[in-house]
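Please take a moment to look over the sequence and the model before reading on. The paragraphs below are meant to be read alongside them.

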Amino acid sequence: MAKEKEKVYNLLDYMDWRGDLLPSAVPYSDVDFVIFSELVYAPLENLKDYKGRPIKDLVRDVYPEVLTDRVGFLRKTRYDLWQKVPTSPRFADVKLEEFAADFEAEQSKQFAAALFSYGEDAVIAYRGTDSTIIGWKEDFMLSFEVPVPAQSDAVAFLDRAIESHRFKRIYLCGHSKGGNLAKYAATMCKDQEMIAGIYDYDGPGLDDESLKSQRWENIKDRIKGFIPESSVVGLLLGRGATNKIVKSESVSVMQHNPFYWHVMGSTFVTSDETTLSSRAIDTATHDFLDKLSNEKRKLLVETLFSLLEATGARELRELPVYVAKNFAEVKKIYQNVSDEDWQALKEMGEILKQSGSFGVKTVYDRDVAPEVEKKIGFLKNRKGKN
């Protein structure tokens, strides 16, 4: 008889288990802070009159329409998470004090953060990367520029909370790029003494200069980092702090989604090490970046995203159709790329493809119309430049 597969529990199960326990009775745990990190991904931009209101009263404004499974797993699970808030005393009366969102294509900036309060304490949750090309460009800019626009906004958002003198303690958290913003803001803020904890969920690391600073030394012991077994994003750039490895469902970069992470009780189910593929991609990525100067990294990123932006697509999922639609504009830029830079772009693309990140599989592997495949064929080899 085949062995029955062991039941796996996730964040939504945790809301059912622990949702009746007030934070005043049982302090927020590692799992609670990733829930805050996921709550901020919701379309809080829909809110108008929200300041100081409990989030249980905001659910219908955040999601005015019912979402079904047809919207995709990630959007649906975030929607389901918010639907559990009104019946969860642990979160229902948490207040949304501030929300900021700034998307500026000209500055390559994608930023959003929310300030939640309960009692004398506050939680600032930084939103991670969205599906826009500009959002991903800013992530790539982390490899050669500090601070990127979102990092500056993250520090300013935290400093406003500190200067308000309304809170005794402030916790910072974020998933993906949000984890990077939480660490950077804690490092550069005006008053580090107010920071009670920093929770980083598979976020990229900081630059070497930041990690060598006294300000980093001041706060690094307050950081709790978590990565899935097949982590890709959370191993980028300098780490400077030890991460716990979390068991996860799904494969490859899909494990980046915390709704796949295994939860038991008030904590995550951990593993001893990351997967072989994760370690191989980590090595390949760092080897690739180590041989490039900051100037060269900047050039490659600007070249890559000038190609993507020339398609006219706003989001990664739109690329296959828009490459065909605006092929002539893409080819103009492509023909001016030197052979040396093209080889470096191909190497970078291969690493991304192997990791399954950046929507590369959308372009390379999905079934698209034959005419699209034909037109993007030049991206796979050097033929067609002339």
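What follows is a walk through some charged pairs and then through one meeting of two helices.

It should be kept in mind throughout that this is a predicted model. A useful starting idea is that side chains of opposite charge can pair when their charged atoms come close. In this structure there are 21 salt bridges, and a few of them can be followed one by one.

Consider to begin with the pair made by R90 and D32, whose side chains meet in a salt bridge with a distance of 2.8 Å from N to O. This pair links distant parts of the chain, since R90 belongs to helix 5 (residues 89-92) while D32 belongs to helix 2 (residues 30-39), and the two are 58 residues apart. Both R90 and D32 are buried.

A second pair joins two loops, with E229 forming a salt bridge with K247 in which the closest N and O atoms are 3.9 Å apart. E229 sits in the loop between strand 7 (223-228) and strand 8 (243-246), and K247 sits in the loop between strand 8 and strand 9 (263-264), so this salt bridge ties together parts that are 18 residues apart in sequence. Are the two partners buried or exposed? E229 has a relative accessible area of 15%, and because buried means under 20%, E229 counts as buried. K247, at 30% relative accessibility, counts as partly exposed.

The salt bridge between K332 and E329, where the closest N and O atoms are 3.4 Å apart, lies within a single element. Both residues are in helix 14 (residues 327-334), and because they are three residues apart there, about one helical turn separates them. E329 is partly exposed, its relative accessible area being 41%.

Salt bridges can also be joined into a network, and here D102, E104, K109 and D153 are linked in this way.

The last stop is a place where two helices meet. The axes of helix 1 (residues 11-18) and helix 4 (residues 73-84) come within 10 Å and cross at roughly 10°. Angles under 35 degrees count as roughly parallel, and helix 1 and helix 4 are therefore roughly parallel to each other. Which residues in helix 1 and helix 4 meet? From helix 1 come L12, M15 and D16, and from helix 4 come T77, D80, L81 and K84. In this contact of helix 1 with helix 4, three of the residues are nonpolar, one is polar and three are charged.

Notes. Residues are numbered from 1 along each chain as its sequence is written. This is a predicted model: local features need pLDDT of at least 70, side-chain atom pairs count only at pLDDT 80 or more; totals for chains, interfaces and linings use all residues. Side-chain values use heavy atoms; hydrogens and water are left out. A salt bridge is a side-chain nitrogen of Lys or Arg within 4 Å of a carboxyl oxygen of Asp or Glu. Helices (H or I, at least four residues) and strands (E, at least two) are DSSP runs, numbered from the N terminus. Buried means under 20% relative accessible area, exposed over 50%, partly exposed in between (1.4 Å probe, protein chains only). Axes are lines fitted to C-alpha atoms, for helices over the stretch in contact, and angles run from 0 to 180 degrees between N-to-C directions. Angles under 35 degrees count as roughly parallel, over 145 as roughly antiparallel, 65 to 115 as roughly perpendicular and the rest as oblique. Contact means heavy atoms within 4.5 Å. Ala, Val, Leu, Ile, Met, Phe, Trp, Tyr, Cys and Pro count as nonpolar, Asp, Glu, Lys and Arg as charged, and the others, Gly among them, as polar.
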